[in-house]
Amino acid sequence: GLAFALNSQNGETIWESSNSGFSSKYAVPSIGSNGNVYIGSAMLYCLDGKTGAKKWGSKIAQYRPVNVVDFSPVIGSDGTIFLGGEKGKLYALKGNTGEQAWGFTTIPKHPLLGSNRITGSPVIGSDGTVYFGTPDSKVYALDRKTGKKLWENDSVGSIWSSPAISSDGTLFVENYALDAKNGVEKWRFVTKEGGSINMNSSPVIGADGTVYISSLNKNVYAFETDCGGPAKSPWPMRGQNPQHTGRAPKK
């Protein structure tokens, strides 16, 4: 596979980096405040943003012997990289070396169904708490320094996407709104007929507090809230911001 850097003005190639591990069709790169480019696949790769040269590769656990990472890396304020694995494990890696700082393994509600793979990127709250969901209908909150579980909610629907956290501490997870302090449900969106709907997408929080989300029935929904906009945190939603630039803010 290939990774490219293009000139934003004319589309010309600045550099290209070839590696057999660049095979994920879903995980877009993330860019650190130091200019490094992080690409998730069977491994997490760190490339020099100016040249495309590989700085390091950090192997993460996987369930199958193929490259199946379906998410993008998330970057903390201290440069720590957070990302999930095929076997339902969330990792914290040191940004300068790729060395594992900690790993948290989820426990599937239905173990016989197989892997509890994490398919959405985590997000980071204003206090540094790391949040993510799993397809077996769980949402977790972890301490960013140790990986210790702070709480879990196992009453939501199947989560395949990334959450988003607001400045008032509301965690939006597909069609659910949870209290980020304890995981207690605040409200959920259902159709006018009273049924639930499969969102399967990552919420986006606007500066005015409006929450946007799309669904598998080809609709886009906008919810008026008083959440205060995105949390002032290193990575409050998928892609770091409403534009999904995937770029960590400069320190």
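**Exercise 1. Classify S233 as buried or exposed, then list its partners.**

*Solution.*
Step 1. In this predicted model, S233 has a relative accessibility of 13%. The cut-off for buried is under 20%. S233 therefore counts as buried.
Step 2. Place the residue. S233 lies in the segment that follows β21 (220-223).
Step 3. Look for a polar partner. The S233 side chain reaches the backbone oxygen of I124 at 2.6 Å.
Step 4. Set aside neighbours within four places in sequence. S233 is then in contact with I124, G125, S126 and Q240.

**Exercise 2. Work out the strand order of the sheet that holds β11, and name its edges.**

*Solution.*
Step 1. The sheet is open and has four strands, in the order β11-β12-β13-β14. Their pairing is antiparallel.
Step 2. The edges are β11 (123-124) and β14 (149-153). Each has a single partner strand, so one side of each has no neighbour in the sheet.
Step 3. Check one pair. Strand β13 (residues 138-142) and β14 run antiparallel and are joined by four bridges.
Step 4. Fix the register. V139 stands opposite N153 in β14.

**Exercise 3. Do the same for the sheet that holds β7.**

*Solution.*
Step 1. The order is β7-β8-β9-β10. This is an open sheet of four strands with antiparallel pairing.
Step 2. The edge strands are β7 (74-75) and β10 (100-105), and each pairs on one side only.
Step 3. Count the bridges for β7. Two of them link β7 to strand β8 (residues 81-84), in the antiparallel sense.
Step 4. Find the partner of V74 in β8. The bridge partner is F82.

**Exercise 4. Describe the hairpin of β1 and β2, then the surface patch that includes L2.**

*Solution.*
Step 1. Start with the pairing. β1 and strand β2 (residues 13-18) pair in the antiparallel sense over five bridges.
Step 2. Find the opposite of F4. In β2, E16 stands there.
Step 3. Inspect the turn. Six residues lie between the two strands of the hairpin. G11, in the turn, has a positive phi of about 80°.
Step 4. Turn to the patch. L2, F4 and L6 form a nonpolar patch on the surface. Together they have about 300 Å² of accessible area.
Step 5. Classify L2, a residue of strand β1 (residues 2-6). Its relative accessibility is 43%, so L2 counts as partly exposed.
Step 6. Recall a general rule for the patch. Side chains in a regular strand alternate between the two faces of the sheet.

**Exercise 5. Classify L47 as buried or exposed, and give its distance to V37.**

*Solution.*
Step 1. L47 is found in strand β5 (residues 43-47).
Step 2. Its relative accessible area is 1%, so L47 is buried.
Step 3. L47 and V37 are ten residues apart in sequence. In space they are 5.0 Å apart, C-alpha to C-alpha.

**Exercise 6. Summarise the whole protein: secondary structure, burial, contacts and surface.**

*Solution.*
Step 1. Count the elements. There are zero helices and 21 strands.
Step 2. Check burial. Of the 251 residues, 51% count as buried.
Step 3. Take the contacts between residues at least 6 apart in sequence. Of these, 45% join residues at least 24 apart.
Step 4. Finish with the surface. The accessible surface comes to about 12300 Å². Carbon and sulfur atoms hold 50% of that surface.

Conventions:
Residues are numbered from 1 along each chain as its sequence is written. This is a predicted model: local features need pLDDT of at least 70, side-chain atom pairs count only at pLDDT 80 or more; totals for chains, interfaces and linings use all residues. Side-chain values use heavy atoms; hydrogens and water are left out. Two strands pair if DSSP finds at least two bridges between them. Patches are made of residues with over 30% relative accessible area and no salt bridge: like charges are joined within 9 Å, nonpolar side chains (Val, Leu, Ile, Met, Phe, Trp, Tyr) within 5 Å. Accessible areas come from the Shrake-Rupley method with a 1.4 Å probe; for residues, only the protein chains shown count as cover. A salt bridge is a side-chain nitrogen of Lys or Arg within 4 Å of a carboxyl oxygen of Asp or Glu. Buried means under 20% relative accessible area, exposed over 50%, partly exposed in between (1.4 Å probe, protein chains only). Contact means heavy atoms within 4.5 Å. A polar contact is a pair of N or O atoms within 3.5 Å; within protein, one must be able to donate a hydrogen and the other to accept it, and residues adjacent in sequence count only if both atoms are side-chain atoms.
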